[in-house]
Amino acid sequence: MKKILITGGAGFVGSSISIALKENFQGCDVIVLDNLYRKGSELNLPRLKSNGIKFIRGDVRNPKDIEQAGKMDFLIECSAEPSVLAGKDGDTDYLIQTNLYGALNCAEYCRKSNAGMLFLSTSRVYPFEKLLKCGLHETEKRFDFSEKQDIAGISPEGLTEKFPMDGARSLYGATKYASEIMLAEYRDRFSIPVIINRCGVIAGPWQFGKSDQGIAVFWTAAHIFKKTLKYIGFGGSGKQVRDFLHIKDLIDLIIMQLKTPEAFSAEKIFNAGGGKKTSASLIELSGICAEITGNSLSIAAEKETRYADIPVYITDNSKINAFRGWSPRRSMRDIIADINDWIKNTPEASRLFESN
Ligand SMILES: NC(=O)c1ccc[n+]([C@@H]2O[C@H](COP(=O)([O-])OP(=O)(O)OC[C@H]3O[C@@H](n4cnc5c(N)ncnc54)[C@H](O)[C@@H]3O)[C@@H](O)[C@H]2O)c1
């Protein structure tokens, strides 16, 4: 790897990967392209600069902007409108143009430069219509998947890549799934390595979390600054569960994948998430946030469930684990403690979360 382009590289995942690659691939040029659409991404620019990473202000919707980067060996596509609620009111243009056409522009650029590509896909490609039909086990603080299931690819350990793909999945999930399908064709037709990771919630420092995306940071910041929080949906119980992947665990995986991209590309798709051990309900997340920040909040309840919301998502990482032994090493507490330290010790992050 001599030259790597990270699109959306000023965002949470992109900036963290860029800096890690610069540290791990000696002598490698890392170039970031981002249009700074996400509030907070501009705060990542000084970090990129001080790590010797070149920044191009550009838009993945415009192929000419991507070409400005020159010839690359590899592209990691991290740009997106990443909210599952995006487009639900009918304003779908930005979502589709960025997430789908933007990903295709990246693939086209890789084809022309004969470069490999890594695509950050999402657990949201799995249809919520199907997930709402899965058997649940309910305890005092959380929902889990039950032992008995009538649907393939699901167990108490979570969803495997064999989970059925028919049904509505949200506009966000659909843009990502459509991109996956097109990228698979680019892999097959043009013989470029294409690695696809389907991630659950990713969390950690330098994520400018908001209520509809980046929940671990949003929840921790609300505890630090004693803001109002609500348990929304599922009767306002706060029992909905997600798995959380520490950004450093994702980076460990991506560094491994970039060392032998062809091998990972040949396996087509990997689920990569926090898994059952690193999953938490909102009630459990509140408990950890209270313990780590020292502030306990009284949390309101809103009964009505939102569009595309699901009671549980947990990643079954058994495919990637069997293939190369990867599994997340950081715990839920590590994630919240690292976010808490970052917000408290970073004035620009504190200012942003306190004023939101
Ligand atoms: N964070 C998660 O929990 C999570 C989970 C699964 C998948 N993903 C995927 O990982 C990737 C990175 O997500 P993130 O959490 O870092 O989000 P983010 O919003 O922090 O970063 C995305 C970046 O893309 C940029 N961007 C948006 N539109 C653009 C455009 N048209 N042209 C160029 N840049 C543009 C934004 O300014 C931002 O800096 C996304 O593809 C997302 O779908 C994220």
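**Exercise 1. Which polar side-chain atom lies 3.2 Å from a nitrogen atom of the ligand?** Find further polar contacts of the ligand.

Solution. This is a predicted model in which local features need pLDDT of at least 70, side-chain atom pairs count only at pLDDT 80 or more, and totals for chains, interfaces and linings use all residues. Residues are numbered from 1 along each chain as its sequence is written, and side-chain values use heavy atoms, with hydrogens and water left out.

Step 1. Take polar contacts as pairs of N or O atoms within 3.5 Å. The atom asked for belongs to Gln213.

Step 2. Ser41 places a polar side-chain atom 2.7 Å from an oxygen atom of the ligand.

Step 3. Val60 uses its backbone: an N or O atom there lies 3.0 Å from a nitrogen atom of the ligand.

**Exercise 2. Describe the shell around the ligand and how far the protein covers the ligand.**

Solution. Step 1. Count a residue as near if one of its heavy atoms lies within 4 Å of the ligand. There are 32 residues around the ligand, and Asp34, Ser41, Tyr94, Tyr172 and Lys176 come nearest.

Step 2. Sort by class: 15 are nonpolar, twelve polar and five charged. Here Ala, Val, Leu, Ile, Met, Phe, Trp, Tyr, Cys and Pro count as nonpolar, Asp, Glu, Lys and Arg as charged, and the others, Gly among them, as polar.

Step 3. Find the element with the largest share: β5 gives three residues. Strands are DSSP runs of E with at least two residues, helices runs of H or I with at least four, numbered from the N terminus.

Step 4. Compare areas (Shrake-Rupley method, 1.4 Å probe). The ligand taken alone exposes 820 Å², of which the protein buries 97%.

**Exercise 3. Classify the pairs Tyr126–Tyr313 and Trp206–Phe208.**

Solution. Step 1. Rings of Phe, Tyr and Trp (its six-membered ring) pair if their centres lie within 6.5 Å; planes under 30 degrees apart are stacked, over 60 edge-to-face, and the rest tilted. The structure holds 16 aromatic pairs.

Step 2. Tyr126 and Tyr313 are 6.4 Å apart centre to centre with 15° between the planes, a stacked pair. Tyr126 lies in the loop between β5 and α5 and Tyr313 in strand β17, so the pair ties together parts 187 residues apart in sequence. Both Tyr126 and Tyr313 are buried (under 20% relative accessible area, 1.4 Å probe, protein chains only).

Step 3. The ring centres of Trp206 and Phe208 are 6.5 Å apart and the planes are at 70°, so this pair is edge-to-face. Trp206 and Phe208 are both buried. Together with Trp342 and Phe353, they form one aromatic cluster.

Key
Buried < 20%, exposed > 50% of the residue type's maximum accessible area, 1.4 Å probe, protein only. Near = heavy atom within 4 Å. Polar contact = N/O pair within 3.5 Å; in protein donor to acceptor, adjacent residues only side chain to side chain.
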